[in-house]
Amino acid sequence: MKKRLFSMLLLLSLLLCLLPAAAAETEAVPRDWYEIFVRSYCDSDGDGLGDLNGVTQKLDYIQSLGFNGIWLMPIMPSPSYHKYDVTDYYAVDPEYGTQDDLRTLLDAAHARGIAVILDLPVNHCSSEHPWFQSACASSDSPYRDWFNWNETPQNGYSEGGGMYYESRFVDTMPDLNLDNPAVREEIASILDYWLNTVGADGFRLDAVTSFYTGQVPRNVEFLNWLADTAHALKPGCFLVAEAWEGLNTIAAYAASRIDSFFTFPVSQAEGYIAKTLGRANRHPGRSWGEYTALLEETLPPETVPAPFTENHDTGRTVGFTGRSDPGKTKMAFSLLATMRGGLFAYYGQEIGMVGSGEDPNKRIGMLWTDESETTLPPPGATKLEYAYPSVRDQEADPNSLLHYYRRAMELRHRFPAIAAGTSTVLPCDEDRLCLIIREYRGEEILLVVNPSASPVQLFPAHYSADFPTLAASLCTDPDVAVLFRQGSLRMPAYSIAVLTK
Ligand code: CA
């Protein structure tokens, strides 16, 4: 008996020794992120505006969706509703709450294993920022050289301070002079503040192609400086950058030491997912395989792809999948959920929220229950409509988009090879289907995707692979199932399957 106890203790201590290694392995699987426009998410105090405490109240919900990362759109003080023009880089906008509210949110998120990154616009500040006010008031101001001036009118410049200042987006957003060592020192201090004093886990970097407009090498130099500074201040912090460009240019940016870049070509009505699911596409599986291979070939292997279908600047997914086709909308999410990298979903995407045209329409209140629990519309919103029922109603319907998205995320997390593995697209004679081998730490899975609107039978003669076990599957239609017998696979319309060895 004693001997048995001893061996059990030995086994236990051996297991404990292995724990740090296991934790390190889990760390290598990229996080999946949920983007929140705080103003439109959840209002905790009844003033009609979403706030940080509202986000804290919804952490269980966010975790239930399968996300272990949150991207908060800008929370620093700003005169605009969207807050991409900052007036104080060391504070929380009172509309959203206090520094303490943010710390509470961070602590509660961390307790659930959820990381939180903050939106950081440093290409420009607000024209109401004291730096710019001082710079305009006198050419002798110590802040004069924090901005870029010209004596004559230029494209991308606005009149002010007796000259013309660079303002690539709009005159209320003066571009900072990122060559000025004092500005870089200030940015380093801002990074340190949020990462270490406050405890954030990283940043989403806004508009990085505008740092030095049209100059990729100079932008990459600045991004490398920023990445090195942030990683030295807080090892393990996560940086994802917005370079709204084509794949080759994104690849050039991704060669920098920033951890991750949004995979814009996957997103929106002209993106890879929309094209794969397009009505006219007769070989959607082959298309998806080609896009998968193209991403693998083009992006540097050390970068973490950040695929998404919609964000606060784009039309929402239902705009291209169609309001009358929940199957296709679900499949758009499944394609995303089977991609390598750390995916990004935009709040409300999980209930099929719609919005297009003017920016405020893409940022309307989250539909938790009904109007009484929905935040006030952002100024300028012209369309306040919802294509699908509320969270409350979708929770009650096992066939809802919401429940399907949860299942897709569960499948993603059950097989770490999906997010973290290398991809090999297999040749397949049946071009409505796509077959991808994912390999992660010596384990291989075969991912079978049917992005077509019809059921497809896959016979052993169609492909060559040795994965005898159907380990998981997911169908958009609850009344059908993937069937696997003697190497023949019946894939219902809009379905995915995972085969293992
Ligand atoms: Ca509020």
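Helix α14 is mostly covered in this predicted model, with 10 of its 14 residues buried. The helix comprises residues 401-414, and its end C-alpha atoms lie 20 Å apart, which agrees with the 20 Å that its 14 residues should span at 1.5 Å a residue. The buried positions are L401, L402, H403, Y404, Y405, R406, A408, M409, L411 and R412, a set that includes the arginines R406 and R412. These buried residues pack against helical elements, namely α3 (59-65), α12 (326-337), α13 (391-395) and α15 (416-420), and also against the strands β16 (469-475) and β19 (495-500).

Of the elements that the buried residues of α14 contact, strand β19 was examined further. Six of the six residues of β19 are buried, so the strand is largely enclosed by the rest of the structure. In a regular strand the side chains alternate between the two faces of the sheet. In β19 both faces are covered, since S495, A497 and L499 on one side, and I496, V498 and T500 on the other, are all buried. The strand has antiparallel partners in β14 (residues 443-450), to which it is joined over six bridges, and in β16, to which six bridges likewise join it. Within these pairings, V449 stands opposite I496 of β19, whereas S473 stands opposite A497 of β19.

A calcium ion is bound by the protein donors D43 (OD), D45 (OD), D47 (OD), L49 (O) and D51 (OD), which lie 2.2 to 2.4 Å from the ion. Along the chain these donors follow the spacing D-x1-D-x1-D-x1-L-x1-D. Two of the aspartate donors fall into separate accessibility classes: D47, at 40% relative accessibility, counts as partly exposed, whereas D51, at 3%, counts as buried because its value is under the 20% limit.

The secondary structure of the protein chain as a whole comes to 15 helices and 19 strands. The radius of gyration of the chain is 24 Å, close to the 23 Å that the globule rule gives for 501 residues, so the chain is as compact as a globular protein of that length. Along the principal axes, the C-alpha trace spans about 80 × 70 × 50 Å. Buried residues account for 57% of the 501 residues, and among contacts between residues at least 6 apart in sequence, 65% join residues at least 24 apart. The chain exposes about 20,700 Å², of which carbon and sulfur atoms supply 53%.

Definitions and conventions. Residues are numbered from 1 along each chain as its sequence is written. Side-chain values use heavy atoms; hydrogens and water are left out. Helices (H or I, at least four residues) and strands (E, at least two) are DSSP runs, numbered from the N terminus. The expected span of a helix is 1.5 Å times one less than its number of residues. Buried means under 20% relative accessible area, exposed over 50%, partly exposed in between (1.4 Å probe, protein chains only). Contact means heavy atoms within 4.5 Å. Donors are N, O and S atoms within 2.8 Å of the metal (3.2 Å for Na, K and Ca); water is not among the atoms, so sites may look incomplete. The radius of gyration is taken over C-alpha atoms; the globule rule is 2.2 Å times the number of residues to the power 0.38. Accessible areas come from the Shrake-Rupley method with a 1.4 Å probe; for residues, only the protein chains shown count as cover. Two strands pair if DSSP finds at least two bridges between them.
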